[in-house]
2 protein chains.
Amino acid sequence: MWMAELSKRSGLPVPTIKFYLRDGLLHPGEATGATRARYDESHVRRLRLIRALAEVAGLRLDAVRTILAAVDDESLPLHQVVGSAHTQLSVKESAPAPSAEATQRVDQLLRSWKWRVAPGSEHRTALARALDTLAALDHPVSDELLGDYADAMASVARREVSVVRGQDPETATERAVIGTVLLEPVLLVIRRMAQENVSARRLRGPRTRTY
Amino acid sequence: MWMAELSKRSGLPVPTIKFYLRDGLLHPGEATGATRARYDESHVRRLRLIRALAEVAGLRLDAVRTILAAVDDESLPLHQVVGSAHTQLSVKESAPAPSAEATQRVDQLLRSWKWRVAPGSEHRTALARALDTLAALDHPVSDELLGDYADAMASVARREVSVVRGQDPETATERAVIGTVLLEPVLLVIRRMAQENVSARRLRGPRTRTY
């Protein structure tokens, strides 16, 4: 297909596609003359992935580049490609380092849950930082509640991850990133509904009896 | 206590407290002269709540006012006070209305889960809107996955809501809002860890065997 159709299929304006070509994020088409080139489905797939990373997940271009390098590295197993994308989603440039206490607590929790999470993972840092924030606001969170979250998320992860199996790395990464980012608001609003449902049943009755 | 100590106890600067007093968000202290007044624990509690709503949850002052009116309305049962705060957290000013199809789907799901969620609740709108976004990005979400989320969130809501029981409405609202907002990143990062853990186990092996 020509550039015009690639633009239509990918939903991206021609200048944006040309920028990705110059920048090396998108591989060149097959040259058919001095200024023309033909593109194929691999270009459409790559542009969909770039769009998911840049527009949907709001990643910066250097983070997009890191993920694409993992997608293109054929020696990496698929779970590491998807892992690379997930890691970039959790990177927070200027956030302060978490306390040693919170970092240690996260390590202990993961061990007790028997979860495999890479030792230097940004997820560990992000969780430790969140625990610090809660402690600073005098709202500590118990190991029991964190354990409930872990059980709850383990029970949904199986189905979430299954959509990624048997796909090429490009599609798998796109599905994983879109799924992670776009399903977050869905999960959170369902959490609020669940709280409303439980509150309505358990905090019912006149106030004088409730406190 | 005098204004200086109220400022210290609440962590808010004196001009901010005076603004809340003028604005009626904070009730007046006991006048002890033309320009002095004494404050008590009820002022500290109210300022903590305002801070949680405005700073932690990032709510606008009119939303804060709506929640405080619910806290002060002694005819409202506690679950409605907490519900009012939750509703304000989901209000999105300029977001487009969800499609009729998504709205209907949310109604059906809630019925099938047997959840009590107020008919005009912002949560319903927020969920319907999220489902529309996913469909527009060609990433529809199945009833099965939504059901998994519902089961998972129902299982944690019990412990989450229990921290609110037996508290005065001011403290209950503060705990509920802080808990909802600050525990969201905790839940989301645990979800990503759970996905990493499942991916590492299920997408393992060389790529050639994976796709």
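Here is a short chat about reading the contact between two chains in a predicted model.

Trainee: Before I look at any contacts, what confidence does the predictor give the complex?

Mentor: The complex gets an ipTM of 0.71 and a pTM of 0.70. For chain A, the mean pLDDT is 83, with 91% of the residues at 70 or above.

Trainee: Where in chain A is confidence lowest, and where is it highest?

Mentor: The general idea goes like this: low pLDDT means the coordinates there should not be read in detail. In chain A, the low end is helix H10 (residues 207–210), with a mean of 40, while helix H6 (residues 100–113) of chain A tops the list at 95. Residues 206–211 of chain A have pLDDT below 50, yet that stretch still makes 18 contacts in the model beyond near neighbours in sequence.

Trainee: OK, on to the interface. How many residues does each chain bring to the contact?

Mentor: Chain A brings 86 residues and chain B brings 86 residues. Together the two chains bury about 8700 Å², and carbon and sulfur atoms account for 65% of that.

Trainee: And how is chain B related to chain A in space?

Mentor: Rotate chain B by 180°, with 0.0 Å of shift along the axis, and it superposes on chain A with an RMSD of 0.1 Å. That's what a two-fold axis does. In chain B, the C-alpha nearest that axis belongs to Ala152(B), at 2.3 Å.

Trainee: Why do you say the copies meet through the same surface?

Mentor: Because 100% of chain B's interface residues are interface residues in chain A as well.

Trainee: Now the charges. How many salt bridges run between chain B and chain A?

Mentor: As a rule, side chains of opposite charge can pair when their charged atoms come close. Here there are six salt bridges between chain B and chain A. One to pull up on your screen joins Arg159(A) and Asp148(B), 2.6 Å from N to O. Over all chains, the salt-bridge count is 18. Back to our pair: Arg159(A) sits in helix H8 (residues 143–162) of chain A, and Asp148(B) is in helix H8 of chain B.

Trainee: What about polar contacts between the chains, and which elements of chain B touch chain A?

Mentor: There are 14 residue pairs in polar contact between chain B and chain A, both residues at pLDDT 80 or more. Elements of chain B giving two or more residues to that side include helix H3 (41–56), helix H8 (143–162) and helix H9 (169–202). H9(B) gives the most, with 25 residues.

Trainee: How does that side of chain B split by class?

Mentor: The side of chain B touching chain A has 46 nonpolar, 17 polar and 23 charged residues.

Conventions
Residues numbered from 1 in each chain as written. Chains lettered and ligands numbered in written order. Heavy atoms only, no water. Contact = heavy atoms within 4.5 Å. Buried area = accessible area lost by both parts, 1.4 Å probe. Salt bridge = Lys/Arg side-chain N within 4 Å of Asp/Glu carboxyl O. Polar contact = N/O pair within 3.5 Å; in protein donor to acceptor, adjacent residues only side chain to side chain. Helix = DSSP H or I, 4+ residues; strand = E, 2+ residues; numbered from the N terminus. Nonpolar A, V, L, I, M, F, W, Y, C, P; charged D, E, K, R; others polar. Least-squares fit on C-alpha atoms with pLDDT ≥ 70 in both. pLDDT = per-residue confidence, 0-100.
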